[in-house]
Amino acid sequence: MTGAPEPEGDGTLKPMKKPLFFVSFARTFRASVWGPGFYQSLPFRPLSFSVGYLISLILWVSFATTIILAVQVLPQARDFLSEAGPVLVRTFPSDLVLVIKDGRASVNLPEPIFIPVPAALVPRITSGDNPTVEHLIVVDTREPFSLERFREYRTFLFLTANELALFDGNGVRVQSLRDLPNTTIDRAGVLSFVGGLDRVIAFLPPLVILGLFVFISGLLALAFFEALVGGLLILVLARRAGWKYRVSYQAALHALSLPVILIALRFVGLPAVPFLSVGIFLAVVAANIILPLLRPPAVSSVEPPAPSANAGKS
C-alpha cells in the first residue's frame, strides 16, 4: 500500500510514501507503551502485525545488548587468554601426569598438589567473595570434596577423586567427573592446548558476538510464551470489550514491550527487582485497556431540536 494520493504543485496527484521502517517501528513501540486508541484498533489488525513487531523489538534490543556486552567482555577475555597460556605452561609441573578415567581422577605425584596463581592473573580471578585465592589448581584425590577444604586451600580449581570444583565469581560450582570424557593431562598436552589458544583468540570476537546475540534473542523470545498467559489474563479483565483470544494475545505481545527491554537491561547490570516485569505489564494493560473500558461513554452536549409546531399534523 502506498497511502492516499498527495497533490503536487501542478495539481497532479502522486502516491504518499510509506514511512521508513524504523519510524513506523518507533511509532508502534510508543503506542504499545501508551496508546489506548492503538489497542482499540488491534481487532482490525492481523496477528502477523503484532508478531512481526515483537520479533523486531527482540532483534533490536538483542543487538544493542550484545554490542554493550561485547565491548565489556571481549577485551578482558582476550587479555586473559593471552596471559593464561604462557602462565599455565610455566606453572604446570613438568613431571605431573593427571588421568581421568571412568569418572575418577588419579595422579602420579604425592598429594595434595598445589599450582600457585601467578601474580599477573591474581586480579582476574579474585573477587569480593573470594579475595584470597592463592592457588590456580589444587589436586587432592584422597578425600571427597568439601566446601571447607575448598576454602582452606584458597584455590580457583579444586580436583578431587570424583569432582571438579570451580569458583565462578558467584560461588563454588561442583561438577562430577562422570560428565567428563576419559583424558590424560601432562605437560605435552598443556603445550598443545596453549598452542591452540592463538586460534581461539583470533575467532573469539565473532564467536562471542554471535553466541551472545543468539542467547539473548532466545531468552527474550520467551515473551511469546509469556504472552499466552498474558492474553488469557487480558481476555478475562477486558471481557467488556468482547475481544477474542487472538486479539487479547496481540495486546499481550504489545504490552510486553517494556518488560522485554527490562530483561535485556539486566544483562548490562540493572539490578533484578522481583515481579517488576509483571508489574509493568499489568500497568500497561490497565492504562491502555482496562481504564478506558471503565470510563463512561461521552455524552453529547448538543440538545435535541425542539419539536416543530407542525409536528404531528398531516
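## Helix H9 and what follows it

Helix H9 of this predicted model has several buried residues: Ser-257, Pro-259, Val-260, Leu-262 and Ala-264. Once H9 is over, the backbone does something worth a look at Gly-269, which takes a positive phi of about 115°.

Keep going along the loop between H9 and H10 and you get to Phe-275. This residue isn't a glycine, yet its phi is positive too, at about 65°. Is Phe-275 buried or exposed? With a relative accessible area of 70%, Phe-275 is exposed; the cut-off for that label is over 50%.

## Ser-277 in helix H10

Next up is Ser-277, which sits in helix H10. Its relative accessible area is 15%, and since anything under 20% counts as buried, Ser-277 goes in the buried group.

Which residues does Ser-277 touch, once neighbours within four places in sequence are set aside? The contacts are Pro-259, Leu-262, Ile-263 and Arg-266. Two of these names came up earlier: Pro-259 and Leu-262 are among the buried residues of H9.

## The second largest pocket

Ser-277 turns up again here, as one of the residues nearest the centre of the second largest pocket, along with Glu-226, Leu-256, Val-278 and Phe-281. In total, 17 residues line this pocket, and its volume is about 290 Å³.

Which elements give two or more residues to the lining? They are helix H7 (223-237), helix H9 (257-267) and helix H10 (276-294). As for chemistry, the lining has 13 nonpolar residues, plus 2 polar and 2 charged ones.

## A three-stranded sheet

Now for some strands. An open sheet is built from 3 strands, in the order E4-E3-E10, with antiparallel pairing. Why does strand E4 (104-107) have one side without a neighbour in the sheet? E4 stands at an edge and has a single partner strand, so one of its sides is left free of a neighbour; strand E10 (183-185) is in the same position at the other edge. From one strand to the next, the twist averages 15°.

As a bit of background, strands in a sheet pair through backbone hydrogen bonds, in either a parallel or an antiparallel way. Here, strand E3 (residues 98-101) pairs with E4 in the antiparallel sense, over 4 bridges. If you want a spot to look at in the viewer, try Lys-101, which stands opposite Arg-104 in E4.

## Loops on either side of E4

The loop between E3 and E4 holds Asp-102. Like Phe-275, which has a positive phi without being a glycine, Asp-102 is a non-glycine residue with a positive phi, this one about 55°. Asp-102 counts as exposed, at 55% relative accessibility.

On the other side of E4, the loop leading to strand E5 (113-116) contains Pro-112. What is the peptide bond from Glu-111 to Pro-112, cis or trans? That bond is cis, with omega near 0°.

## The chain as a whole

Stepping back, the chain has 314 residues, and 33% of them are buried. Its secondary structure comes to 10 helices and 10 strands.

How about contacts along the chain? Taking those with a separation of 6 or more, 59% are between residues 24 or more positions apart.

Key: Residues are numbered from 1 along each chain as its sequence is written. This is a predicted model: local features need pLDDT of at least 70, side-chain atom pairs count only at pLDDT 80 or more; totals for chains, interfaces and linings use all residues. Side-chain values use heavy atoms; hydrogens and water are left out. On a 1 Å grid over the protein atoms alone, a cavity is a set of points where a 1.4 Å probe fits but cannot get out, and a pocket is an open set with protein on both sides within 12 Å along at least five of seven lines; lining residues have an atom within 4 Å of a point. Grid points are joined across faces, edges and corners, and a volume is the space filled by probe spheres set on the points. Ala, Val, Leu, Ile, Met, Phe, Trp, Tyr, Cys and Pro count as nonpolar, Asp, Glu, Lys and Arg as charged, and the others, Gly among them, as polar. Two strands pair if DSSP finds at least two bridges between them. Axes are lines fitted to C-alpha atoms, for helices over the stretch in contact, and angles run from 0 to 180 degrees between N-to-C directions. Buried means under 20% relative accessible area, exposed over 50%, partly exposed in between (1.4 Å probe, protein chains only). Contact means heavy atoms within 4.5 Å.
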